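Here is a short report on one protein chain. Keep the sequence and the 3D view open while you read.

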Amino acid sequence: MGRIIAIANQKGGVGKTTTAINLSACLAEQGKKVLVIDLDPQGNTTSGFGLDKDSLENTVYQLMLDECTVRESMYGVDQIENLKLIPSDVDLAGAEIELLGRNEREYILKNEVDYIKDDFDFIIIDCPPSLNMLTINALTTSDSVLVPIQCEYYALEGIAQLMHTIELVKERLNSKLEIDGVVFTMYDSRTNLSSDVVDTVKQNLQAYVYQTIIPRNVRLAEAPSNGLPINLYDGKSAGAESYRNLAKEVISR
């Protein structure tokens with residue numbers, strides 16, 4: 001049975017989507033069967049893998065409203081043999097209201113993923129930058145949560161709230177949920193601030209901290225606009241090497 005990992009942090013701009021795309025692609029590159037679920041209405045993971053959001057018949061929105069099966073919502077990704085994607089688009093923004101009357105609405109995604117979880121080594125869920133019903137669905141579906149933290153002054157802002165939410169979900173909805181670990185993103189070796197943030201988080205967070213640190217990297221920033229993960233866009237860049245190392249660390253755990 002594969003591992004299901006939610007990539008979550010309610011703070012925006014910390015590298016959740018970048019991590020979802022590139023960690024998944026690097027896991028697939030190393031021979032793992034990977035499913036990526038884009039649970040963010042912005043759909044940046046979807047476009048980051050080169051899919052046209054406006055031409056998709058089924059997305060995670062149709063899946064959660066029971067308008068298609070989980071297999072009908074999966075798409076292959078060009079040039080990545082071992083990877084499937086359940087995409088998202090802006091329609092998902094209205095899902096929370098439409099799900100208000102549903103029984104066990106916290107488990108809608110879990111109940112669908114249960115059908116196919118044994119087909120994959122890893123299922124990676126990209127969460128929206130908020131602690132809403134979509135994020136709760138991701139947390140009830142997952143075995144663990146990977147938290148990207150940007151190396152900047154406000155890095156710890158909101159993390160306590162996220163950890164509290166994870167504990168509540170574990171206590172009330174998903175007893176197996178664990179914190180997979182913290183990964184630092186957008187690290188700038190030229191500044192003292194980045195290293196100070198890393199030290200502060202390590203001292204204050206009682207959670208596993210991945211050794212791999214993702215650098216601030218121009219090629220990483222360019223890759224999504226080309227619809228490619230970094231290992232295909234520029235496989236020799238520092239960003240690609242970092243995500244390959246993170247994938248190895250995730251596999252070894």
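Buried means a relative accessible area under 20%, and exposed means over 50%; values in between count as partly exposed. Keep these cut-offs in mind. The model is predicted.

**Leucine 109, serine 24 and alanine 95**

Start with leucine 109. This residue sits in helix α5, which spans residues 108-113. Is leucine 109 buried or exposed? Its relative accessibility is 0%, so leucine 109 counts as buried. Its contacts, leaving out residues up to four places away in sequence, are Ile37, Leu39, Val60, Leu63, Ile125, Asn137, Ala138 and Thr141. Take Leu39 from that list. In sequence, leucine 39 and leucine 109 are 70 residues apart. In space, their C-alpha atoms are 9.9 Å apart.

Next comes serine 24, a residue of helix α1. Serine 24 has 0% relative accessibility, so it counts as buried. Which residues does serine 24 touch, not counting those up to four places away in sequence? They are Thr19, Val34, Val36, Phe49, Leu83 and Ile124. Threonine 200 is 176 residues from serine 24 in sequence, and 28 Å separates their C-alpha atoms.

Alanine 95 belongs to helix α4. With a relative accessible area of 1%, alanine 95 is buried. Valine 60 is 35 residues from alanine 95 in sequence. From C-alpha to C-alpha, the two are 9.8 Å apart.

**Two helices that cross**

Two packed helices are described by the angle between their axes and the distance between the axes. Now look at helix α1, residues 16-29, and helix α11, residues 238-252. Their axes come within 8 Å and cross at roughly 70°. Angles of 65 to 115 degrees count as roughly perpendicular. Therefore α1 is roughly perpendicular to α11.

Which residues make the contact? On the α1 side they are Thr18, Thr19, Asn22, Leu23, Cys26, Leu27 and Glu29. On the α11 side they are Ala240, Tyr243, Arg244, Leu246, Ala247, Val250 and Ile251. Sorted by class, this contact has nine nonpolar, three polar and two charged residues.

**A pair of rings and a charge**

A pair of aromatic rings is described by the distance of the centres and the angle of the planes. Rings pair if their centres lie within 6.5 Å, and planes over 60 degrees apart count as edge-to-face. How many aromatic pairs does this rule give? The count comes to one. Its partners are tyrosine 208 and tyrosine 210, with ring centres 5.1 Å apart. Their planes stand at 90°, so the pair is edge-to-face.

The partners can also be looked at one by one. Tyrosine 208 has a relative accessible area of 32%, so it is partly exposed. Tyrosine 210 has 1% relative accessibility, so it counts as buried. The ring of tyrosine 208 has a further neighbour, because the charged end of arginine 253 sits over it. That charged end is 3.8 Å from the ring centre.

**Residues in loops**

Two loop residues have a positive phi, and neither is a glycine. The table sets them out.

| Residue | Phi | Loop | Relative accessibility |
|---|---|---|---|
| Glutamine 79 | near 75° | between β3 (75-77) and β4 (80-86) | 63%, exposed |
| Glutamate 104 | about 50° | between α4 (95-98) and α5 | 54%, exposed |

Proline 215 is another loop residue. Its loop runs between α8 (192-204) and α9 (218-222). Not counting residues up to four places away in sequence, proline 215 touches Met186, Tyr187, Leu220, Ala238, Gly239 and Ser242. Where does tyrosine 107 lie relative to proline 215? The two are 108 residues apart along the chain, and their C-alpha atoms are separated by 36 Å.

Note on methods. Residues are numbered from 1 along each chain as its sequence is written. This is a predicted model: local features need pLDDT of at least 70, side-chain atom pairs count only at pLDDT 80 or more; totals for chains, interfaces and linings use all residues. Side-chain values use heavy atoms; hydrogens and water are left out. Axes are lines fitted to C-alpha atoms, for helices over the stretch in contact, and angles run from 0 to 180 degrees between N-to-C directions. Helices (H or I, at least four residues) and strands (E, at least two) are DSSP runs, numbered from the N terminus. Angles under 35 degrees count as roughly parallel, over 145 as roughly antiparallel, 65 to 115 as roughly perpendicular and the rest as oblique. Contact means heavy atoms within 4.5 Å. Ala, Val, Leu, Ile, Met, Phe, Trp, Tyr, Cys and Pro count as nonpolar, Asp, Glu, Lys and Arg as charged, and the others, Gly among them, as polar. Rings of Phe, Tyr and Trp (its six-membered ring) pair if their centres lie within 6.5 Å; planes under 30 degrees apart count as stacked, over 60 as edge-to-face and the rest as tilted. Buried means under 20% relative accessible area, exposed over 50%, partly exposed in between (1.4 Å probe, protein chains only). A charge sits over a ring if NZ of Lys or CZ of Arg is within 6 Å of the ring centre and within 35 degrees of the ring normal.
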